[in-house]
Amino acid sequence: MTTVASLAVALGDAFLAAQRWQRGDLVESGGRVLGVRRRWLWPVADAVLSAYARAPRDRPRELAAFLADLALLAEVVGTARQRGRPIAVRARPVTSTRTVRRPWSTPVLDDLDALARLLDLTPEQLDWYADRRGMNRRAADRRLHHYRYRWAAGGRLIEAPKPRLRALHRRLLAELLGPLPVHQAAHGFVPGRSAHTFAAAHAGRAVVVRVDLAAFFGSVPARRVYGLLRTAGYPEPVAHALTGLCTTRTPPAVLRGAPAGLPDRAWRLAVLRGGHLPQGAPTSPALANLCAFRLDRRLTGLAAAFGVDYQRYADDLAFSGELSPRRVADLLAAVTEVTRDEGFRVHPGKTRVRGRADRQLLAGLVVNERPAVPRADYDRLRAVLHNAARTGLAAQNHGGHPAFADHLAGRVAWVGHAHPTRAAKLATLLAAALAATPPS
């Protein structure tokens, strides 16, 4: 027998398929779905038109929920059951949602077929990867999981999508998430910004305060991602599928393997049990930045009230300026309250307050004067390059890097950034090391 929920979905689709958003057209379309124009369709149509002046074509799920909450519909289904005359859904209308607003230059995706075409998937494949029925989490066979799981040092769970899903993530990152604006205070994983721009904003300050957010990616729930995609203008079904593609719920077997000493164990496992951004997915950094927009806006305003500057690099929050110890305590209390209110949590053991006499470190860079890699890191890299020039690269590859030359070139670029003298010395040593290494 048809339930209230299934009848509401069928009627919602029927109303959205009506030729015009008018009483008679809604009743006629509903009658086609039920096989007969029942008398109660008229007051149901009146209720819908009273609530929605225009057809909510981008919100079929919302319309179905509205219908399911109508006392009249529950009464109709209940009476039909008592009389043994079930209400049957005779036909399923073909409805088309559409993007009703596009605040940013994102692809137009009016329905799931359009999303499937964007990703070069069949509708069935899209449904599988979006995992809207939660099969990935429930599957006992790990070969059916969309992610590979690994508990890393510090209790972080790395959830890396398998190759096909990873390729879908990268496509979404390039074509759909790229145009969405992030807050000016966000520096991590933003084109044109970096750890250096993050650190430079706090160079030469009297006091630098660093605050770390615990389980940053996991703290972004699926519902917030869905809300972001709805704000971007995508219809409910499309936003729902995109959310499924970019978020996950950690399988119970993986949670049972969590390290015994996991900090805030109960809270972290609860976060992972629900829909969240996976740490290890290409889309997670961009989505985390976008979903933290309001956090960044509020913390920017808070910093201004304290007369200091604020920037964020992924899960690292930095504040700097003239601050007395009392003002630092007040600032930290306010930051903790704002982050909690926005759904995040401050890691209490990683807060650092450093004055001019201390080494002020942000994102691996010393900022007492201008951003620079610590001297010890520079000396260590120089020693490796010097030894490699005598013994060859392979002898110095103690970490087993598969592309050690590229790794060293990256380290040289990082350590020498904005420091020409360091960069020149390291480049000379790297060239000597490469010359001393026979081609493979």
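# A guided tour of the predicted model

Ala418 lies in the loop between helix 20 and helix 21. This is a predicted model, and the tour opens at this loop. Select Ala418 and inspect its backbone: phi is near 65°, a positive value in a residue other than glycine. Most residues other than glycine have a negative phi.

**The two helices on either side of the loop**

Next, select helix 20 (residues 404–416) together with helix 21; their axes come within 8 Å and cross at roughly 165°. At that angle, helix 20 is therefore roughly antiparallel to helix 21. Display the side chains of Ala405, Leu408, Ala409, Val412, Val415 and Gly416 on helix 20, which make the contact with Pro420, Arg422, Ala423, Leu426, Ala427, Leu430 and Leu434 on helix 21. The crossing of this pair, helix 20 with helix 21, is right-handed.

**Helix 18 against helix 21**

Keep helix 21 (residues 420–435) on screen and add helix 18 (residues 375–391): the two axes come within 7 Å and cross at roughly 25°. Helix 18 is therefore roughly parallel to helix 21. From helix 18, the contact is made by Arg375, Tyr378, Leu381, Arg382, Leu385, His386, Ala388 and Ala389. From helix 21, the residues involved are Arg422, Lys425, Leu426, Leu429, Leu430, Ala432 and Ala433. Helix 18 passes helix 21 in a left-handed crossing.

Within this contact, zoom in on Tyr378 and Arg422. Arg422 lies over the face of Tyr378, at 4.7 Å from the ring centre. Arg422 also belongs to the residues of helix 21 that meet helix 20.

**Other rings**

For a second arginine placed over a ring, select Arg345 and Trp267: Arg345 lies over the face of Trp267, at 4.2 Å from the ring centre.

Now turn to rings that pair with one another. How many aromatic pairs does the structure hold? There are 7 aromatic pairs. Select Phe216 and Phe217, whose ring centres are 5.6 Å apart and whose planes stand at 45°, so this pair is tilted. Phe216 and Phe217 are both buried. Then select Phe189, Phe198 and Tyr313, which ring pairs link into a cluster.

**Helix 11 and its cover**

Move to helix 11 (residues 222–231). Which of its residues are buried? Colour Ala222, Val225, Leu228, Leu229 and Arg230, which are buried in this helix. To see what covers these buried residues, add helix 9 (163–177), helix 12 (236–246) and helix 15 (284–291), which are included in that cover. After helix 11 comes Gly233, with a positive phi near 105°.

**Helix 4 across helix 12**

Helix 12 leads to the next stop. Select helix 4 (residues 60–68) and view it against helix 12: the axes come within 7 Å and cross at roughly 110°. Helix 4 is therefore roughly perpendicular to helix 12. Where they meet, show Pro60, Arg61 and Glu62 of helix 4 alongside Glu236, Pro237 and His240 of helix 12.

**Helix 1 and Val4**

Select Val4, found in helix 1 (residues 4–16). Is Val4 buried or partly exposed? Its relative accessible area is 23%, so Val4 is partly exposed. Leaving aside residues up to four places away in sequence, Val4 touches Ala68, Leu73, Ala74 and Val77. Then draw a distance from Val4 to Val335: these residues are 331 residues apart along the chain, and their C-alpha atoms are separated by 46 Å.

**Two further alanines**

Select Ala305 in helix 16 (residues 293–306). Ala305 has a relative accessible area of 59%, so it is exposed. A distance drawn between the C-alpha atoms of Ala305 and Arg390 spans 57 Å, with the two residues 85 residues apart along the chain.

For the last stop, select Ala363 in the loop between strand 7 (361–362) and strand 8 (365–366). Ala363 is not a glycine, yet its phi is positive, at about 50°. With 24% relative accessibility, Ala363 counts as partly exposed. Ala418, where the tour began, likewise has a positive phi, near 65°.

Technical notes. Residues are numbered from 1 along each chain as its sequence is written. This is a predicted model: local features need pLDDT of at least 70, side-chain atom pairs count only at pLDDT 80 or more; totals for chains, interfaces and linings use all residues. Side-chain values use heavy atoms; hydrogens and water are left out. Rings of Phe, Tyr and Trp (its six-membered ring) pair if their centres lie within 6.5 Å; planes under 30 degrees apart count as stacked, over 60 as edge-to-face and the rest as tilted. Buried means under 20% relative accessible area, exposed over 50%, partly exposed in between (1.4 Å probe, protein chains only). A charge sits over a ring if NZ of Lys or CZ of Arg is within 6 Å of the ring centre and within 35 degrees of the ring normal. Axes are lines fitted to C-alpha atoms, for helices over the stretch in contact, and angles run from 0 to 180 degrees between N-to-C directions. Helices (H or I, at least four residues) and strands (E, at least two) are DSSP runs, numbered from the N terminus. Angles under 35 degrees count as roughly parallel, over 145 as roughly antiparallel, 65 to 115 as roughly perpendicular and the rest as oblique. A crossing is left-handed if the near helix is turned anticlockwise from the far one by less than a right angle, and right-handed if clockwise. Contact means heavy atoms within 4.5 Å.
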